[in-house]
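Me: Please go through this model with me, one question at a time. Keep the answers short, and end each one on what I asked for.

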Amino acid sequence: MPVPTRPERELFMAALDLPVESRVAFVVESCGNDAALGRRVLDLLEALTAAGDYLGRPEGNHETRDEFIGARVGAYTILECIGEGGFGLVYLAEQSEPLRRHVALKVLKAGVDSKQVIARFEAERQALALMEHPNIARVIDGGTTSQGRPYFVMELVRGEPITTFCDERRFAASQRIELMIDVCAAVQHAHQKGIIHRDLKPTNVLVTYDGDRAVAKVIDFGIAKATAGSISQETIHTDFRQFIGTPAYMSPEQAQMNGLDVDTRSDVYSLGVLLYELLIGALPLDSKRLMQAGLGEMQRLIQHEEPPRPS
């Protein structure tokens, strides 16, 4: 195999820091219109998979994750890093004024400063600010750090992915459906506000208890698309020909990568996949098979393969 160039190597290492199911979307999104670069990085990832991942997964950049711990950002003191994605870091923070409480603070990673990424990060903040629903994590505040990196502050959701929550508690089908009704109501609210989530999956639907009642909260509108109004016009434009979303939960029109046919129905499709998984215990399309396929084959599977009936 040829020695990777510096851009290939950096993108490859960044992808390895992500969960397996998120790597393809991250690579293709990061490459933008440079399809050749994306194909080379995906080939490297496929080669690693074929080798049985014997090289192991490198440790994440702890220096980057820990840089804010103990620091004060606006009215918030950073306590610990609780999450990391391709572009953002999520911290547990404590607000001291005007009231004392724990919150989740999401900040753009250092060095991830392209106009497109900043536009998408800002779009998530605006999208959340538009919505007020008991099943959507509420945005509280936002701003820019002293280093010039944008951040926003959200309600802290101490929950588990909806599939994990239901499986560990042996929830009956009726209980799972009740939770999905809440999730559907949240997504409907977002659609009424002109926002498509575009990445609905278990890790973006967290469930916790409110008293003795299980409550679902939809989080992470980081790749949300505005369907109306002036929000994030730059983000909408730069989504053209990009692979946005998580393949196993992605609608056929999303997989086309042209951004022209993606509307609220795409979220409805992803909700169907989530309900299928929640009730059956498996995905309609096997995620490992999708990850091992090349980009073209992945698109073909999503767009044309008929999933087995959940019967």
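Me: Which residues form the nonpolar patch on the surface?
Reply: This is a predicted model, in which local features need pLDDT of at least 70 and side-chain atom pairs count only at pLDDT 80 or more, while totals for chains, interfaces and linings use all residues. Residues are numbered from 1 along each chain as its sequence is written, and side-chain values use heavy atoms, with hydrogens and water left out. A patch takes residues with over 30% relative accessible area and no salt bridge, like charges being joined within 9 Å and nonpolar side chains (Val, Leu, Ile, Met, Phe, Trp, Tyr) within 5 Å. With about 400 Å² of accessible area together (Shrake-Rupley method, 1.4 Å probe, only the protein chains shown counting as cover for residues), the nonpolar patch is formed by Ile 177, Ile 181, Leu 275, Leu 279 and Ile 280.

Me: Which element gives the largest share of the nonpolar patch?
Reply: Helices (H or I, at least four residues) and strands (E, at least two) are DSSP runs, numbered from the N terminus. Two or more residues come from each of helix H7 (173-192) and helix H10 (264-280). The largest share is three residues, and it comes from H10.

Me: Is Ile 177 buried, partly exposed or exposed?
Reply: Ile 177 has its place in helix H7. Buried means under 20% relative accessible area and exposed over 50%, with partly exposed in between (1.4 Å probe, protein chains only). Ile 177 has a relative accessible area of 39%, so it is partly exposed.

Me: How many salt bridges does the count come to?
Reply: Side chains of opposite charge can pair when their charged atoms come close. The rule asks for a side-chain nitrogen of Lys or Arg within 4 Å of a carboxyl oxygen of Asp or Glu. Counted that way, the number of salt bridges is 10.

Me: Which residue forms a salt bridge with Glu 122?
Reply: The partner lies with Glu 122 in helix H5 (residues 115-130), three residues apart, about one turn of the helix. Glu 122 is partly exposed at 25% relative accessibility. The closest N and O atoms are 3.1 Å apart, and the partner is Arg 125.

Me: How many residues apart in sequence are the parts that Arg 213 and Asp 182 tie together?
Reply: The side chains of Arg 213 and Asp 182 meet in a salt bridge, 3.0 Å from N to O. Arg 213 lies in strand E10 (residues 213-218) and Asp 182 in helix H7, so the parts tied together are apart in sequence by 31 residues.

Me: Is Arg 176 buried or exposed?
Reply: Arg 176 meets Asp 167 in a salt bridge, 3.0 Å from N to O. Asp 167 counts as partly exposed, at 49% relative accessibility. Arg 176 has a relative accessible area of 10%, so it is buried.

Me: Where is Arg 198 found?
Reply: Phi of Arg 198 is near 75°, a positive value in a residue other than glycine. Arg 198 is buried, with a relative accessible area of 4%. Arg 198 is found in the loop between strand E8 (195-196) and strand E9 (205-210).

Me: Which residues does a cis peptide bond join?
Reply: The proline of the pair, Pro 98, is in the loop between strand E3 (88-95) and strand E4 (101-108). Omega is about 0°, and the residues joined are Glu 97 and Pro 98.
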